[in-house]
Amino acid sequence: ESVNEFEKVVEETGFGGLRTPIGRMRVVDVDTVLDTSNSYPKGWTHGMSSLQAEIAGPEGRIAQVACGMRHTLIRSSDGRVFAFGLNDHDQLGHGLGTMAAAEPKPRVIGSLLRLPQHRLISHVACGSDFSIAISSQGGLFSWGGNSHGQLGLGREARGAATVPTPSRVSGFEGKKPLVVACGAVHVVAAMDDGTVYTWGAGAQI
């Protein structure tokens, strides 16, 4: 009933169906819904139309949107992940380095497609300056800022301020992550057996 009620609300407020340059979409999971058409330079709003070519057909569906402090991830219905916004901590995952300060247009994260555990990405989340993705096979990947160990990579990323491309997080003892939520610099992940793992800044966990 809560899902139906939500759909009723977004329909009444004008968000249901979301007719945009991207095509007609059904809102499934949105961190924040805002009309930013007058808030960003022309290049930012115009860049959204490039997704129409990236998502299969004019009816291509956006399944999830996650927002960090200054970057955004979009998961499409076919399991691809697009990133855009600020890249000062490699949070976009394109491997371009922090000198590539911003990406104004949504761009698919190619390295996720090349991972053997990919199949499709089933969930994404953003912290302040880092990103997380979960694959349908139960792989959890992280990239971006690592100032407080929020990427969960342990010794693999010890001393690394940022990680430019998705890297697999291990140590779940055979359990599969189902969903993850991020604070500014910490992560909480729920497993398929009901257990919960946390990592990142200790004051938050």
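Which residues form one aromatic cluster? F172, Y197 and W199 do. The views below come from a predicted model.

**View 1. F172, Y197 and W199 make up one aromatic cluster.** Two aromatic pairs turn up in a search of the whole structure. One joins F172 and Y197 in an edge-to-face arrangement. Their ring centres are 5.2 Å apart, and the planes meet at 80 degrees. F172 sits in the loop between β10 (162-169) and β11 (177-182), while Y197 belongs to strand β13 (residues 196-200). The pair therefore ties together parts that are 25 residues apart in sequence.

**View 2. F172 also pairs with W199, and this pair is tilted.** Here the ring centres lie 6.0 Å apart. The planes stand at 45 degrees; tilted covers what is neither under 30 degrees nor over 60. W199 is part of strand β13, and F172 is in the loop between β10 and β11, so this pair links parts that are 27 residues apart in sequence. Is F172 buried or exposed? Its relative accessibility is 8%, so F172 counts as buried, the limit being under 20%. W199 is buried as well.

**View 3. β11, β12 and β13 build an open antiparallel sheet.** The three strands follow the order β11-β12-β13. Which strands stand at the edges? β11 and β13 do. Each has a single partner strand, so one side of each has no neighbour in the sheet. Neighbouring strands are turned against each other by 20 degrees on average, direction ignored.

**View 4. Five bridges join β11 to β12.** Strand β12 covers residues 186-191, and the two strands run antiparallel. Within this pairing, V179 stands opposite A190 in β12.

**View 5. The largest nonpolar core has 17 residues.** Those with the most contacts inside this core are I132, L140, F172, V180 and W199. F172 and W199 thus appear here and in the aromatic cluster. Which elements give two or more residues to the core? They are β8 (130-135), β10, β12 and β13. Another core lies apart from this one. That second core has 13 residues, including I109, V124, C126 and A133.

**View 6. V180 and the residues it touches.** Leaving out residues up to four places away in sequence, V180 touches H123, A125, I132, I134, V187, V188 and A189. One of these, I132, is also listed with V180 among the residues with the most contacts inside the largest nonpolar core.

Methods: Residues numbered from 1 in each chain as written. Predicted model: local features only at pLDDT ≥ 70, side-chain atom pairs only at ≥ 80, totals over all residues. Heavy atoms only, no water. Phe/Tyr/Trp six-rings, centres within 6.5 Å; stacked < 30°, edge-to-face > 60°. Helix = DSSP H or I, 4+ residues; strand = E, 2+ residues; numbered from the N terminus. Buried < 20%, exposed > 50% of the residue type's maximum accessible area, 1.4 Å probe, protein only. Pairing = 2+ DSSP bridges. Axes fitted to C-alpha atoms, helices over the stretch in contact; angles between N-to-C directions. Core = buried A, V, L, I, M, F, W, Y, C linked by side-chain atoms within 4.5 Å. Contact = heavy atoms within 4.5 Å.
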